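Thanks for sending this one over. Here are my notes, point by point, to read with the model open beside you.

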Amino acid sequence: MLAKGSEPWLFTAALVTAMFAVLSRTMDSSHLNHAAYIAMALTFFMVLFFRDPERKVEISDTYMISPADGTIIDIRGRKVCIFMFLQNVHVNRAPISGKIREISYKKGGYLPAFCKDSERNERNEFIIHSKYGDVSVTQIAGTIARRIVPYSRVNDIIEQGQRIGMIRFGSRVDVTIPHDFEIIVRKGERVLAGKTVIATIKNDRDF
């Protein structure tokens with residue numbers, strides 16, 4: 001399955017590949033032949049990047065799940081920061097069930113998303129009102145990323161693991177953890193959106 005909104009990107013890459021392939025055969029040019037191979041590799045990369053695999057999400061009020069694929073690069077108090085490399089799936093999911101109370105988009109720079117200064121980068125923040133209070137999920141653009149795409153709207157009722165948006169071409173996602181939960185992931189750990197448990201409800205660890 002491919003991510004929502006990826007069709008124009010894939011169509012353009014495939015069209016450019018086909019154009020170079022036809023021209024290289026028609027004009028018998030080694031340069032055009034090389035360009036066709038490069039365009040083909042780019043098309044393959046686009047398919048890989050925009051993949052959006054189906055995942056069976058086990059919904060529970062006793063834990064929170066990762067909103068993104070990637071690596072935990074920092075844990076700041078109650079905030080877990082996840083960096084998504086280019087090879088990771090870039091579709092983001094709700095870490096907890098609730099209602100989207102607010103969506104806030106801010107323009108900004110394009111520093112590497114793993115830097116602390118990336119707080120000044122382009123970002124999109126979801127405030128999910130859950131039974132345990134508000135949970136913030138912030139999509140942060142990176143050096144390459146130029147487009148944050150939300151799938152959900154204010155007042156949407158969302159289930160844990162539901163797709164809420166994506167960031168194109170390298171980025172970071174931060175999620176705040178309510179005080180009712182204990183963070184169980186560690187810096188450097190790899191996580192999967194909708195699958196990896198990142199926090200469990202206190203006094204109810206035997207789920």
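1. Let me start with Arg76 and Asp74, which form a salt bridge whose closest N and O atoms are 2.7 Å apart. Arg76 is partly exposed, with a relative accessible area of 28%, whereas Asp74 counts as buried at 16% relative accessibility. Please keep in mind that this is a predicted model.

2. Next comes a salt bridge between Arg101 and Asp134, again with 2.7 Å between the closest N and O atoms. This pair links distant parts of the chain, with Arg101 in strand β5 and Asp134 in strand β7 (residues 133-141), 33 residues apart. Arg101 is partly exposed at a relative accessible area of 44%, and Asp134 is partly exposed at 35%. Elsewhere, Asp52, Glu54, Arg93 and Arg163 are joined into one network by salt bridges that share partners.

3. The structure holds nine salt bridges, and one of them deserves its own point: the side chains of Asp52 and Arg93 meet at 3.9 Å, N to O. Asp52 lies in the loop between α2 (30-49) and β1, while Arg93 is in strand β4, so this salt bridge ties together parts that are 41 residues apart in sequence. Are these two charged residues buried or exposed? Asp52 is buried, with a relative accessible area of 2%. Arg93 is buried too, with a relative accessible area of 5%. Each counts as buried because its value is under 20%.

4. Now for Asp69, in the loop between β1 (63-65) and β2 (70-76). Asp69 counts as buried, at 3% relative accessibility. What does its side chain reach? The side chain of Asp69 makes a polar contact with the side chain of Arg55 at 2.7 Å. The Asp69 side chain also reaches the backbone nitrogen of Ala193, at 2.7 Å. Leaving aside residues up to four places away in sequence, the residues that Asp69 touches include Ile82, Phe83, Met84, Asn88, Val89, Val191 and Leu192.

5. Glu122 is another acidic residue to look at, and you will find it in the loop between β5 and β6. Glu122 is buried, with a relative accessible area of 3%. Its side chain makes a polar contact with the side chain of Tyr105, at 2.6 Å.

6. The strands on either side of that loop are partners: β5 (residues 98-106) and β6 (residues 123-130) run antiparallel and are joined by seven bridges. To find your place in this pair, look for Ile100, which stands opposite Ile128 in β6.

7. Stepping back, β5 and β6 belong to an open sheet of eight strands, in the order β9-β5-β6-β7-β11-β3-β2-β13, with antiparallel pairing. Which strands stand at the edges? They are β9 (157-158) and β13 (190-191), each with a single partner strand, so one side of each is left without a neighbour in the sheet.

8. Strand β10 (residues 163-167) is worth a separate look, as four of its five residues are buried. Strand β4 (residues 91-93) pairs with β10 in the antiparallel sense over three bridges. Strand β8 (residues 148-150) also runs antiparallel to β10, joined by three bridges. A good residue to click on is Met166 in β10: this is the bridge partner of Val91, and Met166 is the bridge partner of Val149 as well.

9. On the surface, Val16, Met19, Leu23 and Met27 form a nonpolar patch, with about 340 Å² of accessible area together. Met27 is found in helix α1 (residues 7-27). With 54% relative accessibility, Met27 counts as exposed.

10. Finally, some overall numbers. The protein has two helices and 14 strands. Buried residues make up 48% of its 207 residues. Among contacts between residues at least 6 apart in sequence, 69% join residues at least 24 apart. The protein exposes about 10900 Å², and carbon and sulfur atoms supply 57% of that area.

Notes. Residues are numbered from 1 along each chain as its sequence is written. This is a predicted model: local features need pLDDT of at least 70, side-chain atom pairs count only at pLDDT 80 or more; totals for chains, interfaces and linings use all residues. Side-chain values use heavy atoms; hydrogens and water are left out. Two strands pair if DSSP finds at least two bridges between them. Patches are made of residues with over 30% relative accessible area and no salt bridge: like charges are joined within 9 Å, nonpolar side chains (Val, Leu, Ile, Met, Phe, Trp, Tyr) within 5 Å. Accessible areas come from the Shrake-Rupley method with a 1.4 Å probe; for residues, only the protein chains shown count as cover. A salt bridge is a side-chain nitrogen of Lys or Arg within 4 Å of a carboxyl oxygen of Asp or Glu. Buried means under 20% relative accessible area, exposed over 50%, partly exposed in between (1.4 Å probe, protein chains only). A polar contact is a pair of N or O atoms within 3.5 Å; within protein, one must be able to donate a hydrogen and the other to accept it, and residues adjacent in sequence count only if both atoms are side-chain atoms. Contact means heavy atoms within 4.5 Å.
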